[in-house]
Amino acid sequence: MKATIDKARSSKTLTTQLGETVTATCYFHGNPLPRVDWLKDGQKIPKECTNCITEQHDGESGWSKLHVTPFKKNDLGEYICKVRNSAGFDSLKVPLKIENGTDGKYLNFLDAVLCRWNIFA
């Protein structure tokens, strides 16, 4: 069975304030069990980032979560969940809205997040 993302159950849009951690969740199915990768601006986020990526799977389905903390404008970027197996692949963009603390309006940034491992880089 082709690797697919359950878009009805997965994160669609997240809203946060700068400095607060939010979690994007990607539910997936496939046989063989799909491999899951999170990307920021086209670059794969390493699995060694144990504080920012968690996964759980059972048989042919599971979920992957990306925990992120946006701090400043240059932390913004495009984040994508990609799943793949030998039968195919799928991907999902998760928009994140950052609340502007001065006027309460939302700035619509596409996956504008910083994974915790980048904080100390």
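Biologist: In this predicted model, which helix has the lowest confidence in the protein chain, and which strand has the highest?

Modeller: Confidence varies along the protein chain. Helix α1, residues 116–119, is lowest, at a mean pLDDT of 36. At the other end of the scale, at 97, is strand β1, residues 4–5. So the names are helix α1 for lowest and strand β1 for highest.

Biologist: Over which residues does pLDDT stay under 50?

Modeller: The chain's mean pLDDT is 76, and 72% of its residues reach 70 or more. One stretch stays under 50, although the model has 69 contacts for it beyond four places in sequence. Where pLDDT is low, the predicted coordinates should not be read in detail. The stretch is residues 101–121.

Biologist: Which strand is joined to β4 by six bridges?

Modeller: Strand β4 covers residues 35–40, and five of its six residues are buried. Its six-bridge partner runs antiparallel to it. Tryptophan 38 stands opposite cysteine 81 in that partner. The partner is strand β8, residues 79–85.

Biologist: Which residue takes a positive phi in the hairpin of β4 and β5?

Modeller: Two bridges join β4 to β5, and the strands run antiparallel. Lysine 40 has glutamine 43 in β5 as its bridge partner. Two residues lie between the strands. Most residues other than glycine have a negative phi. Here the positive phi, near 50 degrees, belongs to aspartate 41.

Biologist: Which two cysteines form a disulfide?

Modeller: A search of the whole structure finds one disulfide. A disulfide is a covalent bond between the sulfur atoms of two cysteines. In this pair the sulfur atoms are 2.2 Å apart. The two are cysteine 26 and cysteine 81.

Biologist: How many residues apart are these cysteines, and in which strands do they sit?

Modeller: The pair links distant parts of the chain. Cysteine 26 is in strand β3, residues 22–29, and cysteine 81 is in strand β8. They are 55 residues apart.

Biologist: Why is the disulfide called left-handed?

Modeller: Look at the torsion about the S-S bond of cysteine 26 and cysteine 81. Its sign is negative, so the disulfide is left-handed. The torsion is about -80 degrees.

Biologist: Is cysteine 81 buried or exposed?

Modeller: The cut-off for buried is under 20% relative accessible area. Cysteine 81 has 0%, so it falls below that cut-off. Its partner cysteine 26 also has 0%. Cysteine 81 is buried.

Biologist: Which strand gives the largest share of the largest nonpolar core?

Modeller: This core has 21 residues, and Trp38, Ile45, Leu66, Cys81 and Val83 touch the most other members. β3, β4, β7, β8 and β10 each supply at least two residues. The largest share is four residues, and it comes from β3.

Biologist: Why does threonine 16 count as buried?

Modeller: Threonine 16 is in strand β2, residues 14–17. Beyond four places in sequence, it touches Val22, Pro70, Leu96, Lys97, Ile98 and Glu99. Buried means under 20% relative accessible area. Threonine 16 counts as buried because its value is 4%.

Biologist: Which residues does a cis peptide bond join?

Modeller: Most peptide bonds are trans. This one is cis, with omega about 5 degrees. Proline 32, in the loop between β3 and β4, is one of its residues. The bond joins asparagine 31 and proline 32.

Methods. Residues numbered from 1 in each chain as written. Predicted model: local features only at pLDDT ≥ 70, side-chain atom pairs only at ≥ 80, totals over all residues. Heavy atoms only, no water. Buried < 20%, exposed > 50% of the residue type's maximum accessible area, 1.4 Å probe, protein only. Contact = heavy atoms within 4.5 Å. Pairing = 2+ DSSP bridges. Disulfide = S-S within 2.5 Å. Core = buried A, V, L, I, M, F, W, Y, C linked by side-chain atoms within 4.5 Å. pLDDT = per-residue confidence, 0-100.
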